[in-house]
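Hi,

Here is the structure I said I would pass on to you. Have a look at it first, and then read my notes below.

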Amino acid sequence: APFAMEITNRLRFFRRRWKRTLFGVALSYWSARYGVKRFRENLTRRAACTKAEAFGKALASSPHAKLRKLTVFLDTSIKGARHSYEKNVHPILQLGGMDVSVVEVKNKDEIKFLSHYLPVDGDGVVVAGSEGDLSKAVNHIVKREMEIPIGFIPLVKDASPMTSKLGFSAGNSVQLMCNASLAVVNGHLSSFNLMKI
C-alpha cells in the first residue's frame with residue numbers, strides 16, 4: 001500500500017540521519033520554550049508599564065503634582081545590568097512620573113564616593129544592582145544622616161534573602177525587576193533593622 005511504503009521510507013530516512021533528526025527535534029523544542037519565555041516576559045513588562053502609566057497619569061492630573069526626583073545607582077559590573085535596567089526598569093519609572101538621574105557605578109566603592117553628591121532636593125535613591133550595593137548605599141547615606149527613602153531593584157538572576165524581606169517573590173528575574181520598580185513608583189515604604197541589611 002502507498003501509505004505503508006511512505007512510512008517505510010521515512011523510517012529508513014530517520015535511521016540513516018538519526019543524529020540530524022534528533023538535533024532538529026531538540027532545537028525545535030528549545031526554540032519553542034525560548035519563544036514562550038520571551039512572550040511571557042513581554043506580557044509582564046506590558047502589564048507593569050500599564051500600571052505605572054495609570055499611576056503617572058493620576059499623579060499628573062493632581063493640581064499640586066510634581067515629578068519625583070530619583071537618583072539611581074546602576075551597578076554596571078553585573079553582566080547585562082544596563083540592558084536589564086533599560087528594558088525592565090527605566091520605562092516603568094518614567095511612566096510612573098519619575099524624574100530619573102542614572103549614576104553608573106563599576107564597583108561598590110564608587111557608591112560610597114558618589115553618595116556624598118546626592119541632590120539635597122531629591123525624593124529618593126534607588127539601588128539597581130546586588131545586595132552588596134544596597135548595603136554600601138544604606139551605610140553611607142545613614143552616616144550622612146540623610147532622611148531619604150532608599151529603593152532596591154535586584155539585577156541579579158536569582159531572588160535573594162533581601163528581596164524576600166521586601167516582599168517580592170517571582171518566578172523569574174523580569175517579574176522581580178518589574179515588581180520592584182512598581183513598588184518604587186507606588187511609593188511603597190517598609191522599615192528594616194539596618195543591622196540586618
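What follows is a walk through what I found, from the whole chain down to single residues.

One thing to keep in mind from the start: this is a predicted model.

**The overall picture**

The protein chain has eight helices and four strands. Going along from the N terminus, you meet them in the order α-α-β-α-α-β-α-β-α-β-α-α. Of the 197 residues in the protein chain, 32% are buried. If you take the contacts with a separation of 6 or more, 74% of them are between residues 24 or more positions apart. As for the surface, the protein chain exposes about 12,800 Å², and 57% of that comes from carbon and sulfur atoms.

**The sheet**

The four strands make an open sheet in the order β2-β1-β3-β4, with parallel pairing. The edges are taken by β2 and β4 (150-154); each has a single partner strand, so one side of each has no neighbour in the sheet. On average, neighbouring strands here are turned by 20° against each other, direction ignored.

Strand β1 is a good one to click on. Its pairing with β2 is parallel and covers eight bridges. Two of the facing pairs are easy to find: Phe73 has Val103 in β2 as its bridge partner, and Arg68 sits opposite Met98 in β2. Towards β3, β1 is joined by five bridges, again in a parallel run, and there Val72 stands opposite Val126. How many residues of β1 are buried? Six of the eight are, so β1 is largely enclosed by the rest of the structure.

Two helices to look at next to the sheet are α3 and α6. Helix α3 packs on the sheet and touches β1, β2 and β3, with its direction at about 150° to that of β1. Helix α6 (residues 131-143) also packs on the sheet, but touches β1, β3 and β4; its direction makes about 170° with that of β4.

**The cores**

The largest nonpolar core has 24 residues, and the ones with the most contacts inside it are Val72, Tyr85, Ile92, Leu93, Met98, Ile153 and Leu155. At least two of its residues come from each of α2 (18-60), β1 (68-75), α3 (81-88), α4 (90-95), β2 (98-105), β3 (124-129) and α8 (173-186). Helix α8 gives the largest share, with seven residues.

For a closer look at this core, try Ile92. Leaving out residues up to four places away in sequence, Ile92 touches Ala48, Cys49, Ala52, Cys178, Ser181, Leu182 and Val185. There is also a second, separate core of 12 residues, which includes Phe73, Ile111, Val125 and Val138.

**Cysteines**

Since Cys49 and Cys178 both touch Ile92, you may wonder about disulfides. How many disulfides does a search of the whole structure find? It finds zero. For Cys49, the closest cysteine sulfur is that of Cys178, 7.0 Å away, which is too far for a bond. A disulfide pair would need its sulfur atoms within 2.5 Å. Cys178 itself counts as buried, at 1% relative accessibility.

**Two polar residues to check**

Is Arg45, which lies in helix α2, buried or exposed? At 11% relative accessibility, Arg45 counts as buried, because the cut-off for that is under 20%. Setting aside neighbours within four places in sequence, Arg45 is in contact with Lys87, Asn88, Val174 and Cys178. So if you have Cys178 on screen already, you can find Arg45 from there.

The other is Ser130, in the loop between β3 and α6. Ser130 is buried too, with a relative accessible area of 16%. Among residues more than four places away in sequence, Ser130 touches Ile78, Lys108, Phe152 and Val156.

Have fun with it, and write back if anything is unclear.

Best wishes

Definitions and conventions: Residues numbered from 1 in each chain as written. Predicted model: local features only at pLDDT ≥ 70, side-chain atom pairs only at ≥ 80, totals over all residues. Heavy atoms only, no water. Buried < 20%, exposed > 50% of the residue type's maximum accessible area, 1.4 Å probe, protein only. Contact = heavy atoms within 4.5 Å. Areas by Shrake-Rupley, 256 points an atom, 1.4 Å probe, with all protein chains shown as cover. Core = buried A, V, L, I, M, F, W, Y, C linked by side-chain atoms within 4.5 Å. Pairing = 2+ DSSP bridges. Axes fitted to C-alpha atoms, helices over the stretch in contact; angles between N-to-C directions.
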